[in-house]
Amino acid sequence: MPERIREFKERGYIVHLMTGVSWGQYQEYLNGEVDGRNHWDEAQRNKYNNNIIHGTSEDIPYMVPTVAYSDFLTEKIRVAVDSGVEAIHLEEPEFWVEGGYSDSFKREWEIYYKEPWMPPHETVDAQYRASKLKAYLYTRCLDRLCGTLKEYAKVTYHRDLRFYVPTHSLINYTQWRIVSPESRLLDLPTIDGYIAQVWTGTSRTPNVYQGVRKERTFETAFLEYGIMQELVRGTDRRMWFLHDPIEDDPLHTWKDYRENYLKTVIASLLHPAVSRYEVAPWPNRIFNGQYPKEDGTGKETIPLDYATTLLTIMHTLGNMDQSDISWQGNQTAIGVLLADSAMFQRNHPELSDEVTSFKYDGTIGESAQGEEFMELLDWSPFYGLALPLLKHGFPVRPVQLDNVRRYSSYLDDYRLLVLSYEFMKPEYPDIHNAIAQWVRGGGALIYVGDESDDFHKVREWWNTGKRKYHSPAEHLFESLGLDLKPEEGIHRVGKGVAANLHLHPKQCALYKRDADAFREIVAKAAEVLDDPAVAAQAQNYLLLRRGPYVIVSVLDESVSEQPLEISGLYVDLFDPNLPVIEKAVIYPGKNGLWFDLHRLPATTSPQLIAASSRIELLQETSNGFSLDATGPENVKAAARIRCKQKPAKVNIANGTAFHATEFEWDARSRSVLIRYTNSPDRVTITIEW
């Protein structure tokens, strides 16, 4: 590792190190080679006393993050600090829901709760408390590790070391039945930011809408990226949105990878508060990997046109920090509140052993697991609140309930919020004080629930002490000045409204009539507010402008099957040939990304519109202009550049080779399209008038 770090630094790279915080090649620790003590009792174990392993290797278990394990990781990573890395990425702090049976976890339970350990599968209370402890343990691990090494770098080298956490979304971890710190990381000053590990492998996990279970990659990705941006909203921390043109499951075709990748890209771009991206977590498996052919006759490497499109998108993403942001059509942002505690409710004593013993991570075909498992994986209570609104064209935003008590103005960006405690719980009562204040100030809260959730009975603040409530919803309604069990419908609260729908939210995923009833009460709440800014107008698309970029997704299963047409003068950035078009037609289930040529400022200087290379040194010459391009070796590239007149000649210099090349001129846009072959060692393009 020190040698690899040195070589990258010599080539001018800024070097970060990423390592698994919950698993890794840590056999020397497990087998007692570090401190003379065997640590296999710190492997996560299920109720059958089996180790929960990563992948297929039996000697790589997921770990219980004990103090000793945290100290081991600290020393392991110290070598990288000594070698000069500028930042550390501690990937995927994960504790599986079916874990909680190893001896080390039992010890941690007794220390944390000051009572004998309880098997998590026996009661909902034991399950909830076990998961709450799991989140705490990884929070403690990260705080201990990051704090120690930050101090070490400061004292030893007089430099600031940064720590980032690449993590799946709260939505995905809950759906896949994994516990992670998520919003708890906001309480750690040693964490500098995050990578939102959202990609086709997480977002293609099936869910149910109006009774139909299927992959809804765009919608799921849109919600996943949405909840991830809540980890930095209102803070000075950084967030990178990850995309992956491939995924961990190697059994899909290139056509499948491409379609789903583009959906995740569009989903991420519809969150304009984030403009940093991890564009290729595993470049080798993208440009050198082989995957099944469409006809099933073998495997093939990446199609040439897809490689070009990928590079165009990757370099376009570097220009998404735009100040001119506007939605077309519906601009009513509706927040669906979501808490970390949703992860704590993903196991139940009544579930069969076949279901609770299965570990789903997106790489194992779920169809063979049976209907009971599929219903559990659906996580319909959450999607029952989000999809009926998103499918009707509302830019739904998952909102982190836990943050309500962290930031005094956290809810100020919203006028409509949806909440249910049938699949999660508020961990602190003062959350309700903040929500009540927001409602009285003019917000509309729509509560959906029937109080049937067994987890209302867990030992928590709402049912302990002198004043006890059947559920946290009763305390919420009391905080709003309403009866503990208010009648269904709309209730005035100060300048705002509280709406109550007596319905389990999963019903809104299963049945159209219940989804319609939910949408109707949301619309009525918006109507009572009597504010044109929150008018609820259904449509079958989302369209956002970010500077010159137009980002569109047309939804299927929506209010209309009509395609969306946009007219003007655009460059299609999903087409490897970067064509100039005057009209685009987008059908339901499709999406697109365009450069609006009318947004280019008037100038005679050359302007880069798009390129499938890294473009540097774009500069004017005495008789034209030139630019340097770099990219993966032998990948076909294209660049479209606006210039003041049609070129007379375009020359390409690649190493010792120098030759004239053909080009295409578009008079409508006054732009030239140049095609060439990428090289990591620079291609110089010279344009002459």
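The legends below describe close-up views of a predicted model.

**View 1. The six-stranded sheet is open and mixed in its pairing.** Its strands follow the order β15-β14-β16-β17-β19-β18. The edges are β15 (397-400) and β18 (489-493). Each of these two edge strands pairs on one side only. From one strand to the next, the twist averages 25 degrees.

**View 2. Strands β14 and β15 run parallel.** β14 covers residues 334-338. Four bridges join β14 to β15. Which residue of β15 is the bridge partner of V336? The partner is P398.

**View 3. Helices α14 and α18 pack on the six-stranded sheet.** Helix α14 spans residues 380-390. It lies across β14, β16 (416-419) and β17 (444-448). The helix runs at about 170 degrees to β14. Helix α18 spans residues 512-529. Its contacts are with β14, β16, β17, β18 and β19 (496-501). The direction of α18 makes about 165 degrees with that of β19.

**View 4. The four-stranded sheet is open, with antiparallel pairing.** The strand order is β25-β28-β32-β31. At the edges stand β25 (607-611) and β31 (663-666). Each edge strand has a single partner, so one side of each is left without a neighbour in the sheet. Neighbouring strands are turned by 20 degrees against each other on average, direction ignored.

**View 5. Strands β31 and β32 pair in the antiparallel sense.** Strand β32 is made of residues 671-677. How many bridges does the pairing of β31 and β32 extend over? There are four. One residue to look for is W665, whose bridge partner in β32 is V672.

**View 6. Helix α11 packs on the four-stranded sheet.** This helix takes in residues 304-317. It touches β25 and β28 (636-642). The direction of α11 makes about 135 degrees with that of β25.

**View 7. Helices α8 and α9 cross at roughly 35 degrees.** Helix α8 holds residues 217-228, and α9 holds residues 254-269. Their axes come within 8 Å. Is the crossing left-handed or right-handed? It is right-handed. From α8, the contact draws on T217, F218, A221, F222 and Y225. From α9 come N260, K263, T264, I266, A267 and S268. Six of the contact residues are nonpolar, four are polar and one is charged.

**View 8. D378 is a buried residue of helix α13.** The helix spans residues 371-378. Why does D378 count as buried? Its relative accessibility is 3%, and the cut-off for buried is under 20%. D378 touches Q175, P206, N207, V208, R213 and Y383, leaving out residues up to four places away in sequence.

**View 9. Cysteines C146 and C643 are buried.** A search of the whole structure finds zero disulfides. C146 is accordingly in no disulfide. How far away is the nearest cysteine sulfur? That sulfur belongs to C141 and is 8.3 Å away. A disulfide would need the two sulfur atoms within 2.5 Å. C146 has 0% relative accessibility and so counts as buried. C643 counts as buried too, because its relative accessibility is 3%.

Technical notes
Residues are numbered from 1 along each chain as its sequence is written. This is a predicted model: local features need pLDDT of at least 70, side-chain atom pairs count only at pLDDT 80 or more; totals for chains, interfaces and linings use all residues. Side-chain values use heavy atoms; hydrogens and water are left out. Buried means under 20% relative accessible area, exposed over 50%, partly exposed in between (1.4 Å probe, protein chains only). Axes are lines fitted to C-alpha atoms, for helices over the stretch in contact, and angles run from 0 to 180 degrees between N-to-C directions. A crossing is left-handed if the near helix is turned anticlockwise from the far one by less than a right angle, and right-handed if clockwise. Contact means heavy atoms within 4.5 Å. Ala, Val, Leu, Ile, Met, Phe, Trp, Tyr, Cys and Pro count as nonpolar, Asp, Glu, Lys and Arg as charged, and the others, Gly among them, as polar. Two strands pair if DSSP finds at least two bridges between them.
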